[in-house]
Amino acid sequence: MARRPHHPGGDTAVDRLARQVAQELGGAPGFSRRSFLRASGFGALVLGSGGLLAACGTEGTQQSADSCTSEDLSDSEKKLIFSNWPLYMDEKGKRYPTLEDFQSETGIDVTYNTDVNGNNEFFAKVRNQLGACEPIDRDLMVLTDWMAARMVGLGWLQELDTDAMPNVSANLVESLRSPDWDPDRKHSVPWQSGLTGIAYNSKFTGKVSSFEELLTRGDLKGKVSLLNEMGDTMSFLLTMTGADPSDFSDDEWGAALERMEEAVASGQIRQFTGNDYTRPLNNGDVLACEAWSGDIIALQYDNPDIEFVVPEEGMVLWSDNMLVPNKAAHKANAEKLMDYYYEPEVAARLAAWVNYICPVQGAEEAMAEVDDSLVGNPLIFPTEEDLAGTFTFMSTDTKTREGFEKDFNRVIGA
């Protein structure tokens, strides 16, 4: 979808959504805030938001730097293949301005693909090749914390040359520097972070204030979609049944899963989706859905009937990360691109378009020159107080996560 430019001074989609979030964040009743208190603000971002396996739950084949070596051809081949999520790069018509500037500055030709629709779906595309130490025809990919952790554990990622990325070393926000799954950021660089809540189409239905309503209101039956991201969706089901998504028991998991089974069996849920929930929400095939904040801002530019809600249960907080897979032949070129997007001015230009949480220190100051109406916007530069009403899915060992993922996929029919 082409996106309209932001107009400073007007009441834009960004402004409307920012007001909604600012008014509702931090005041959501009925959930524990232990995850936020333990993680000290932005530290909660690094815990991830889901299970670690593809839909079928099949284990991948372990690799290592010794068993799977890669040759870097960056010196002789000035090119790069980059896989990202839809609506996750600044656009002008069919152009990507910051990406074009990178190509002009470096001489590196970037093939940019928006073929990451969901973490599990993408994992299914590439697991056979990566497990066999074969190339996947990508030099850089963007995946959420929990899936990035999965690939680190499997040895499917190349180690990055941090010395080649001085902007990343200097400007990565402190709270994202040492996730438990990649404590020295040897394999990952954050792209953006974001929030998961509820969206609805006000042309066809009234406000949906909670996940409880989403899963029970008769007027929404068969017109609801949820995300196929296990951690996002089950975090809400856990809060609905009185559990803390960051610290729950087997019995609490069972109760949340049973509640999900009831919703599926009732016919309330039309489908489970990745990023492709936006089209049915826009045209009214789906009236309300679980949604990512930045996607909804993008929709609102063309359809002001789309509304975003901070659910009464709270919101899920997550990060997506840039990763270089084994056998990628242009690692140094990828590192140059990662470092480029950690220039504060470039990060500000990107953030002004995607409207997700920016991981680059100095970008808020640079935003004053890009669009001063976005300085202090809680959707892009939230404070610790703003994030107090958020939660993340519990960090566990691989075997436990495999069980969660299998349970979830059985219930949703994946």
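## Leucine 87

Leucine 87 sits in the loop between β1 and α3. The model described here is predicted. In this model, leucine 87 has a positive phi of about 60°, although the residue is not a glycine. Most residues other than glycine have a negative phi. Is leucine 87 buried or exposed? Leucine 87 is buried, because its relative accessible area is 11% and the cut-off for burial is under 20%.

## Cysteine 133

A second residue with this kind of backbone angle is cysteine 133. Its phi is near 60°, a positive value in a residue other than glycine. Cysteine 133 lies in the loop between α4 (119-131) and β3 (140-144). The relative accessible area of cysteine 133 is 17%, so this residue is buried.

## Strands β1 and β2

Strand β1 covers residues 79-83, and it pairs with β2 in the parallel sense over five bridges. One residue pair shows the match: isoleucine 81 has threonine 111 of β2 as its bridge partner. How does the chain get from β1 to β2, and what is the hand of the crossover? The chain passes through helix α3 (residues 97-106), and this β-α-β crossover is right-handed.

Strand β2 (residues 109-113) has two faces. Val110 and Tyr112 make up the covered face. Asp109, Thr111 and Asn113 make up the uncovered face. Thr111, the partner of isoleucine 81, is thus named on the uncovered side.

## The largest cavity

Rolling a probe the size of a water molecule over the atoms shows where empty space is left. The count for this model is two cavities of 30 Å³ or more. The largest has a volume of about 120 Å³. It is lined by 13 residues, and the closest to its centre are Trp85, Asn275, Trp292, Trp318 and Asp320. By class, the lining has six nonpolar, three polar and four charged residues.

Where does the largest cavity lie? Domain 1 (79-187 + 324-342) and domain 2 (194-317 + 398-411) both give residues to its lining, so the cavity lies between them.

## The second largest cavity

The second largest cavity has a volume of about 50 Å³. Its lining includes Pro190, Trp191, Gln192, Met322, Tyr341 and Tyr342. Ala347, Leu350, Cys358, Pro359 and Val360 also line this cavity. Two elements, β4 (189-201) and α13 (344-354), each give two or more residues to the lining. The largest share, three residues, comes from β4.

Which classes make up this lining? The lining of the second largest cavity has 10 nonpolar residues, one polar residue and no charged residues.

Conventions:
Residues numbered from 1 in each chain as written. Predicted model: local features only at pLDDT ≥ 70, side-chain atom pairs only at ≥ 80, totals over all residues. Heavy atoms only, no water. 1 Å grid on protein atoms, 1.4 Å probe; cavity = no way out; pocket = protein on both sides within 12 Å on 5 of 7 lines; lining within 4 Å. Points joined across faces, edges and corners; volume = space filled by probe spheres on them. Nonpolar A, V, L, I, M, F, W, Y, C, P; charged D, E, K, R; others polar. Domains from an automatic or database assignment. Helix = DSSP H or I, 4+ residues; strand = E, 2+ residues; numbered from the N terminus. Buried < 20%, exposed > 50% of the residue type's maximum accessible area, 1.4 Å probe, protein only. Pairing = 2+ DSSP bridges. Right-handed = clockwise from strand over helix to strand, strands pointing away.
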